[in-house]
Amino acid sequence: VRHPFEALSTALQHEKHLLKEQRSYVSTFDTLDEGVLQIGLDGHIMQANNGWWRLVDDEPNPGLGFMAYVHDEDRAALQLQFEQLLSGKTDQIVEQFRPNHGKKTGKCLECRFVAEREAGGAICCTRGVLRDITERKQAERELSAANQLLQENMARTQMLVDSAPDGVISM
């Protein structure tokens, strides 16, 4: 009778050790600047690291769904992407959106989500990583504005050359 209890005790100790390792592994996600999310099929946030709450300038709020954190103007497009992911029509989504919460306006986030499947193949949730791309978007806008200005200056220069006799411009 004693032998089965020893095996059970050993198995339980092994399970406790695995859980401790898993908690330690998951806690490293809290050191990231990026957000790591697990979202249920109903759209509610099941798990989130501290990076997510920093990105949206909010305190942990398990009652809110993910889409509540997405700006109204970006919500429909992102919702459509999630529907494609949850239906199995796509394996991954990569999208940009503005958060709806927080003190900082003008922030832009990029998200990458994949569908998580149960052993039988049914989709059970989505998991993803989100990062702040505000500075990158600002640099892209500045580069675009500089490019536009350069194009305008080149067009004006070409007009001067075209209107000058013999293509010579004197100053």
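User: Let's start with strand pairing: which residue in β5 does R112 stand opposite?

Analyst: R112 stands opposite V129 in β5. Keep in mind that this is a predicted model. To read a pairing, look at the sense of the two strands and the bridges between them. Here β4 and β5 run antiparallel, paired over nine bridges.

User: And what sits between those two strands, and which residue there has a positive phi?

Analyst: For a hairpin, check the connecting residues and their backbone angles. The β4–β5 hairpin has five residues between its strands, and G121 takes a positive phi near 100°.

User: How many bridges join β1 to β5?

Analyst: Six, and this pair is antiparallel as well. One spot to click on is Q38, which stands opposite R127 in β5.

User: Can you put those strands in the order of the whole chain?

Analyst: Sure. There are four helices and five strands, and from the N terminus on they run α-β-β-α-α-β-β-β-α. On contacts, take pairs at least 6 apart in sequence: 42% of them join residues at least 24 apart.

User: Now the core. Which residues touch the most other members?

Analyst: The general idea first: in soluble globular proteins, nonpolar side chains tend to be buried together. In this model the largest nonpolar core has 22 residues, and W52, F66, F113 and L130 touch the most other members. At least two core residues come from each of β1 (35–40), α2 (50–55), α3 (72–86), β3 (92–97), β4 (109–117) and β5 (123–132). The top contributor is β4, with four residues.

User: What does F113 touch, leaving out residues up to four places away in sequence?

Analyst: Quite a list: L37, I39, F66, F82, L85, D91, Q92, I93, T126, R127, G128 and L130. Two of the core residues named above, F66 and L130, are in there.

User: Over to the outside. Which residues make the nonpolar surface patch of about 320 Å²?

Analyst: F5, L8 and L12 make that patch. Of these, L8 lies in helix α1, residues 2–27.

User: Why can L8 count toward a surface patch?

Analyst: A patch residue needs over 30% relative accessible area. L8 is partly exposed at 47%, so it clears that cut-off.

User: And how does the chain look overall: what share of its residues counts as buried?

Analyst: Of the 171 residues, 22% count as buried. The chain exposes about 11,900 Å², with carbon and sulfur atoms supplying 55% of that.

Terms used:
Residues are numbered from 1 along each chain as its sequence is written. This is a predicted model: local features need pLDDT of at least 70, side-chain atom pairs count only at pLDDT 80 or more; totals for chains, interfaces and linings use all residues. Side-chain values use heavy atoms; hydrogens and water are left out. Patches are made of residues with over 30% relative accessible area and no salt bridge: like charges are joined within 9 Å, nonpolar side chains (Val, Leu, Ile, Met, Phe, Trp, Tyr) within 5 Å. Accessible areas come from the Shrake-Rupley method with a 1.4 Å probe; for residues, only the protein chains shown count as cover. A salt bridge is a side-chain nitrogen of Lys or Arg within 4 Å of a carboxyl oxygen of Asp or Glu. Buried means under 20% relative accessible area, exposed over 50%, partly exposed in between (1.4 Å probe, protein chains only). A nonpolar core is a set of buried Ala, Val, Leu, Ile, Met, Phe, Trp, Tyr and Cys residues joined through side-chain atoms within 4.5 Å. Contact means heavy atoms within 4.5 Å. Two strands pair if DSSP finds at least two bridges between them.
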